[in-house]
Amino acid sequence: MIDSLVFLVISAVVIAGAVVVVMAERIFHAVLGLALALLGVAAVFVTLGAEFLAVIQVLVYAGGVVVLFLFATMLTKSDLQLRRPRGDELAPVSAVVFAIVALFYVASSGFAELGERGSVVGTVKNVGELIYDLNIYVLPFELVGLLLLAAMVGAIFLARKEVVK
Amino acid sequence: MSVTVFHYVFLGMLLFSIGAYGLLSSRNAVRMLMSIELMLNAANINLVAFSSYLGNLHGQAFAAFTIAIAAAEAGVGLAILLALYRNFRTVNLREIKELRW
């Protein structure tokens, strides 16, 4: 019972943050809504026993990505383009159609047969052992590191000021 | 009534729909990138939920990779945004019509 209540409250926080992201007039408020939604997702991870991912979510998303978005918001005059252009009336329709189709698919699948949540807990030790002890995830892990390096170099190259000679 | 995997999948679906709506309806590049982050988080919720209910950690390992790639995507996307803003003085994608400058 208390589980359901906790889940409902967390879900409400996540959805409220997401709605603020989409609907807020000012981009700055949208970024704050994004922070709320991402922290809510971290709480969802905690309820699922994914402790390591919850910590990573707070560190990377709430700490890193949100700050990045704040920088982008403040470095660009992104609030000056508030008006909605024409021709976007179909956007809510497509989102609702997607939701209905996905709901139909989920309802007709056998997800409910999975039953109760398993007792597995994603601590740092457990996830680290899965990534390093089984050989399947070692190469992807190193490749992600390489990808992050490439992304960092690319971002610096793209964002730096052109030097006029 | 206990919380089943269906509830988590439903939450992920709702979050993905909101993100898709934001991506389609907005022409502000910053808001579009934020909507993409919402959709990636919806996928992560599904991964972790199934990982937890199936009783193994593979979904959580996948979600960790997803988070890393999402961070890289946000960094490069916002760098492209800053370069665009420097050239066009706007982040409204409706007004950015040329690739060559």
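What follows looks at chain A on its own and then at its contact with chain B. This is a predicted model, in which local features need pLDDT of at least 70, side-chain atom pairs count only at pLDDT 80 or more, and totals for chains, interfaces and linings use all residues. Residues are numbered from 1 along each chain as its sequence is written, while chains are lettered from A and ligands numbered from 1 in the order in which they are written.

Chain A comes out with a mean pLDDT (the predictor's confidence in each residue, from 0 to 100) of 84, and 91% of its residues score at least 70. It's an α-α-α-α-α-α chain, with six helices and zero strands; helices (H or I, at least four residues) and strands (E, at least two) are DSSP runs, numbered from the N terminus. By element, mean pLDDT peaks at 92 in helix H2 (residues 27-47) of chain A and bottoms out at 82 in helix H5 (residues 124-133) of chain A.

As for shape, the C-alpha trace of chain A spans about 60 × 40 × 25 Å along its principal axes. Its radius of gyration is 20 Å, where a compact globule of 165 residues would sit near 15 Å (taken over C-alpha atoms; the globule rule is 2.2 Å times the number of residues to the power 0.38).

Turning to the contact (C-beta atoms, placed from the backbone, within 7 Å), chain A puts in 69 residues and chain B 64. On the chain B side, helix H1 (5-25), helix H2 (29-54) and helix H3 (58-88) of chain B each supply at least two residues, with H3(B) giving the largest share, 20 residues.

Definitions and conventions. Two residues are in contact if their C-beta atoms, placed from the backbone, lie within 7 Å.
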